[in-house]
Amino acid sequence: MAITNAYLKGVYDNLLKLYPEQKEFLQAVDEVLESLQPVIEKRPDLVESGIIERIVEPERVILFRVSWVDDNGKIQVNRGFRVQFNSAIGPYKGGCRFHPSVNLSVMKFLGFEQIFKNSLTGLPMGGAKGGSDFDPKGKSDAEVMRFCQSFMTELAKHIGPDTDVPAGDIGVGAREIGYMFGQYKRLQNEFTGVLTGKSLFSGGSLARTEATGYGACYFCSEMLAANGKSYEGKKVIISGSGNVATYACQKATQLGATVIAMSDSNGYIYDPNGIDYKIIQEIKEVKRARIKTYLDYVPTAKYTEGCSGIWTVPCDIAMPCATQNEINLDSAKALIANGVIAVGEGANMPSTPEAIAAFQEAGVLFAPAKACNAGGVATSGLEMCQNSMRLSWTFEEVDERLKGIMKNIYKAASDAAEAAGQPGNLVVGANIAGFLKVAEAMKWQGVCY
Ligand code: NDP
């Protein structure tokens, strides 16, 4: 499919002219605009209000220098970003990514996706994303701390509990959130819920760490159940071995599946007896080591160099939980040839457009990222709620709410797909359901951005 509606195509072509180098951003916009065709054809009021032209431009982009001193006393300089994309339905909300591949295109694609994802959760959160091209890998704790403090020194001027509430993402876990939270508190002299993913000792929410991985499995369970299937007895492969992947592994196992392969950016492990998430947790969160270390714990497992090979491992359910565009057409074809029945995106935009089309043509159940991985930000929303009320819910309470939210997101996406005349197409459904709420709010608020 392509954008055929002349108005939407005009908006897209203009972006292409303005930002030809922003490939990831254009890819994300292309998918959303393509999905919105049936809506725009029925809603001339949205065209008149310029909603589409406005929604594809961030309300604000903040770009800044992050200087810090390494352990050898040498001055290092990185680039910091915060893209405050849309605040129509609530304060900006979205994670921060620290990875050498971070650039404006990646930040804008993630911020754009976040608008619709946050809307799908049903909670009042606008869309944003931030980060830096800093690589925490191989850095000492002291270096990471100095970097985070410098990053927050600038970011603090632009965020606040009612303005913009960042969280974690690739390369930003509990350690980094802690350093940033400490620096924000020191600068502003206030203890507020300005970040989510905080430690339990500092206003964090139980189940936030697990939320994205758990939520992805809850969403997939709904999708599977609607098609008479479940995780029970299925072989699952999960790419990545970070936050999302680890807890997707735990939940899929609890739901009766066997997780047979996981990866990092160097390679993947294969363990037909089922990967124990606790080992991954120890390798990644405690030792900060590579996934091949898994063989020290389970010598019968196999390690293969190169991360894309994981998609050639025969499985029933594939859950990409590492990074964008990690499943290309070749990987999709390999999965389909091996009989995959469902794909659940834990990472953001992990499948290329060609891969998504191949899955859909082959009748593979496909859970798109902005719906499937919304459990993380939803639970961040619950963390904000608990902070405002100055109380803490139990793990079970948060988990129950998360389950309810993922169920509602599945229903919203599925109903919207049906209403658009494309039943089962959750890509179209999630885009439309996420968009409509934001569009109505933008229209109601007038031309303020
Ligand atoms: P982490 O930093 O905890 O883990 C990322 C994992 O992906 C690591 O195992 C990393 O391996 C691997 N990885 C990174 N790049 C590649 C690559 N090119 N090929 C193979 N593996 C790679 O990040 P998260 O788990 O938090 O995030 C993973 C994905 O989920 C991202 O797309 C993120 O945007 C998305 N997401 C995260 C949420 C959250 O709550 N954390 C919420 C919603 C979405 P290595 O160590 O070798 O780099």
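Biologist: Is Cys 315 buried or exposed, and what is its relative accessible area?
Modeller: This is a predicted model, and its local features are taken where pLDDT is at least 70. The cut-off for a buried residue is a relative accessible area under 20%. Cys 315 falls under that cut-off and is therefore buried, with a relative accessible area of 3%.

Biologist: How many disulfides does the count come to?
Modeller: A disulfide is a covalent bond between the sulfur atoms of two cysteines. In the model such a pair is accepted when the two sulfur atoms lie within 2.5 Å. By this rule the count of disulfides comes to 0.

Biologist: Which cysteine has the sulfur nearest to that of Cys 220, and how far away is it?
Modeller: Cys 220 counts as buried, at 1% relative accessibility. Cys 220 is in no disulfide, and the nearest cysteine sulfur, 4.0 Å away, is that of Cys 372.

Biologist: How far is the sulfur of Cys 315 from the nearest cysteine sulfur?
Modeller: Cys 315 is likewise buried, and it is in no disulfide. The nearest cysteine sulfur belongs to Cys 220, and the distance to it is 12 Å.

Biologist: Turning to the ligand, which residues are the closest to it?
Modeller: The shell around the ligand divides into 6 nonpolar, 11 polar and 7 charged residues. Of the 24 residues that surround the ligand, the closest are Asp 169, Thr 212, Ser 265, Arg 290 and Asn 348.

Biologist: How far is an oxygen atom of the ligand from an N or O atom in the side chain of Arg 290?
Modeller: Several residues place polar atoms beside ligand oxygens, including Val 244, through a polar backbone atom at 2.9 Å. Ser 265 does so with a polar side-chain atom, at 2.5 Å from an oxygen atom of the ligand. For the N or O atom in the side chain of Arg 290, the distance to an oxygen atom of the ligand is 2.3 Å.

Biologist: What percentage of the ligand's accessible area does the protein cover, and which elements give two or more residues to the shell?
Modeller: On its own the ligand has 900 Å² of accessible area, of which the protein covers 86%. The elements that give two or more residues to the shell around the ligand are α9 (208-226) and α10 (243-254).

Biologist: Between which domains does the ligand lie?
Modeller: The reasoning rests on which domains give residues to the shell around the ligand. Both of the domains concerned give residues to that shell, so the ligand lies between domain 2 (60-190) and domain 3 (209-372).

Biologist: With which residue does the side chain of Lys 129 make a polar contact of 3.0 Å?
Modeller: Lys 129 sits in strand β4 (residues 126-132) and counts as buried at 2% relative accessibility. Its side chain is joined by a polar contact of 3.0 Å to the side chain of Asp 169.

Biologist: What is the phi of Ala 207, and where is this residue found?
Modeller: Ala 207 is buried, with a relative accessible area of 5%. Although Ala 207 is not a glycine, its phi is positive, at about 75 degrees. Ala 207 is found in the loop between α8 (174-188) and α9.

Biologist: In which loop is Met 349 found?
Modeller: Met 349 is not a glycine, yet it has a positive phi of about 50 degrees. At 7% relative accessibility, Met 349 counts as buried. Its place is in the loop between β11 (342-344) and α14 (353-361).

Definitions and conventions: Residues numbered from 1 in each chain as written. Predicted model: local features only at pLDDT ≥ 70, side-chain atom pairs only at ≥ 80, totals over all residues. Heavy atoms only, no water. Near = heavy atom within 4 Å. Polar contact = N/O pair within 3.5 Å; in protein donor to acceptor, adjacent residues only side chain to side chain. Areas by Shrake-Rupley, 256 points an atom, 1.4 Å probe, with all protein chains shown as cover. Helix = DSSP H or I, 4+ residues; strand = E, 2+ residues; numbered from the N terminus. Nonpolar A, V, L, I, M, F, W, Y, C, P; charged D, E, K, R; others polar. Domains from an automatic or database assignment. Buried < 20%, exposed > 50% of the residue type's maximum accessible area, 1.4 Å probe, protein only.
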